[in-house]
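Here's a quick briefing to read with the model open beside you. Have a look at the fold below, then work through the points topic by topic.

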Amino acid sequence: MVNNAFGEHSLLRFDYDKARAGGDVAAFDRDVLAALDSHGFVVIENALPGSVCDEVLTEMRPFLESTPHGLHGLGGTRRAGALVARSPASHQMISHPAMLRLMKSVLGEQQLSGNAVRIAGREGKGEAGYRYPWHLHLTQIIDVGPGGGSESMPHQLKLHKANGMWVHDFQTAGLDLQVEIMWALTDFTKDNGATHVVLGSHREQPRDGPVGYGEPTIQATMAQGSALVWTGWSVHGAGVNRTDTRRVGMNINYALGFLVQEENQFLACPPHLARKLPRQMQRIIGYQQPAGSLNYVAECQAPEDSVLREDFDVMVPGAHGHPMNPEIDGQGIAAQSAEELASLVKELDAQKAKAIAADDLERALQIKHAISTLRRASPGG
Ligand SMILES: O=C(O)CCC(=O)C(=O)O
């Protein structure tokens, strides 16, 4: 129990496995929603087996290990995205039935206190037809390594509310715009940097006020396979990792989905065509970051630093092309010498020739991109 400027609050925990085994998933859904409403955060324990988390870690390891810490000013963390494309195992988290039901309640039906759906002169909570569309907003591994968040490797993104990313001041709009879920891919402990939360901060008035940032935090410890859920108004931030192992979380966020392009320009003019356009036209059709982190790609890159580049392939580890600092980040995919680079390139060239012979041009193109990424990352490449 915590007593702070927002009243008495607790970080409540509900066990998904037990609820399923007991057959009372509807009560579980109600309890989770009520806890999120009252306290701004809730933990769902045993949401998935640890083995699924291990699979995601295995699928994402090449991408994480070829990504520097602090890329794009994100401090003592390594971040890698594009999970839908790169990690089939992550689909079990992204489309987890309990999470999707919760998104329907919080985003679609605006069921949290004080909010309501307002569509075409109708207003209400959850009645048939009164639902906002919502969709996946972000998939991002947040990997806090040993020393991450300490003075020598600070988190630039300290305590924050996710809704601050939109340019419009939504605090009086009476809307829940997004929900964030932090899946524990490894155990989250006090020592390894479990997320700090300010319970009740989602109810601050005005909603974007300063009080929440000065209140005491508690850390949301949880076991691998659990998930911490919070609203876009809830104050939170990563902790400091004082251990020698990595704390790996996976943010899966969902947001309201109606202010999108009526004609989807990214599909109507995909990257291989958009690349050839003048920069002004690329920006007009949406290949740009309108504000802050909005519209980033994979490892938090701007479109012009990723999909608009000729040699970018989201499936190639290290395709972001940003240099690693071997002391902090490890070697990544870089070769250690000109000889090693030559031998790796020779091997990849042979694989490319085989792919071409088998008429697998997509694979051949991917290998071509892997070669150019390897060259960029390696000394003398
Ligand atoms: O890694 C965490 O525990 C939360 C960090 C976070 O929300 C962020 O930096 O965007």
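In this predicted model, strand 12, residues 227-231, is mostly covered, with five of its five residues buried. Ala 227, Val 229 and Thr 231 point one way from the strand, while Leu 228 and Trp 230 point the other way. The bullets start from that strand and work outwards.

**Strand 12 and its partners**

- Strand 4 (residues 41-45) runs antiparallel to strand 12, and four bridges join the two.
- If you want a spot to click on in that pairing, Val 42 has Val 229 of strand 12 as its bridge partner.
- Strand 9 (residues 178-184) also pairs with strand 12 in the antiparallel sense, here over five bridges.
- In strand 12, Trp 230 is the residue that stands opposite Glu 180.
- As general background, strands of a sheet pair through backbone hydrogen bonds, either parallel or antiparallel.

**Nonpolar cores**

- Which residues have the most contacts inside the largest nonpolar core? They are Phe 41, Trp 183, Ala 220, Ala 227, Leu 228 and Val 229, in a core of 57 residues.
- Helix 3 gives this core its largest share, seven residues.
- Another core, of 16 residues, lies apart from that one, and Tyr 287, Ala 298, Ala 335 and Ala 377 are among its members.
- Leaving out residues up to four places away in sequence, Leu 228 touches Phe 41, Val 43, Met 182, Thr 195, Ala 220 and Met 222.
- In soluble globular proteins, nonpolar side chains tend to be buried together.

**Around the ligand**

- Ile 142, Leu 157, Met 182, Thr 195, His 236, Gly 237, Ala 238 and Gly 249 are the residues around the ligand.
- That shell splits into four nonpolar and four polar residues, with no charged ones.

**A three-stranded sheet**

- There's also an open sheet of three strands, in the order 11-10-13, with antiparallel pairing.
- Strand 11 and strand 13 (236-237) stand at the edges with a single partner strand each, so one side of each has no neighbour in the sheet.
- Strand 10 and strand 11 run antiparallel and are joined by two bridges.
- Across that pairing, Val 197 has Ile 218 in strand 11 as its bridge partner.

**Backbone oddities**

- Most residues other than glycine have a negative phi, and most peptide bonds are trans.
- Ala 120 has a positive phi, near 45°, without being a glycine. You'll find Ala 120 in the loop between strand 6 (117-119) and strand 7 (122-124).
- Is Ala 120 buried or exposed? Ala 120 is exposed, because it has just 7 other C-beta atoms within 10 Å and 12 or fewer counts as exposed.
- Ala 298 also isn't a glycine, and its phi is positive at about 50°. Ala 298 sits in the loop between helix 9 (279-285) and helix 10 (326-329).
- Ala 298 has 24 other C-beta atoms within 10 Å, so this residue is buried; the cut-off is 20 or more.
- The peptide bond from Gln 205 to Pro 206 is cis, with omega near -10°. Pro 206 belongs to the loop between strand 10 (196-197) and strand 11 (218-219).

**Asn 46**

- Asn 46 lies in the loop between strand 4 and helix 3.
- Why does Asn 46 count as partly exposed? Asn 46 has 19 C-beta neighbours inside 10 Å, and partly exposed covers the range between the 12 or fewer of exposed residues and the 20 or more of buried ones.
- Not counting residues up to four places away in sequence, Asn 46 touches Asp 15, Tyr 16, Asp 17, Gly 225 and Ser 226.
- Asn 46 and Thr 195 are 149 residues apart along the chain, and 18 Å separate their C-alpha atoms.

**Two domains**

- The domain assignment splits the protein chain into domain 1 (2-256) and domain 2 (265-377).
- Taken over C-alpha atoms, the centres of the two domains are 29 Å apart.
- How many residues of domain 1 are in contact with domain 2? There are 18, and they meet 21 residues of domain 2.
- On the side of domain 1 that touches domain 2, helix 3 (50-65), strand 5 (77-81) and helix 4 (83-86) each supply at least two residues.
- The residues on that side of domain 1 divide into 10 nonpolar, five polar and three charged.

Conventions: Residues are numbered from 1 along each chain as its sequence is written. This is a predicted model: local features need pLDDT of at least 70, side-chain atom pairs count only at pLDDT 80 or more; totals for chains, interfaces and linings use all residues. Domain bounds come from an automatic or database domain assignment. Two residues are in contact if their C-beta atoms, placed from the backbone, lie within 7 Å. Ala, Val, Leu, Ile, Met, Phe, Trp, Tyr, Cys and Pro count as nonpolar, Asp, Glu, Lys and Arg as charged, and the others, Gly among them, as polar. A residue is near a molecule or strand if its C-beta atom, placed from the backbone, lies within 6 Å of it. Two strands pair if DSSP finds at least two bridges between them. A nonpolar core is a set of buried Ala, Val, Leu, Ile, Met, Phe, Trp, Tyr and Cys residues joined through C-beta atoms within 7 Å.
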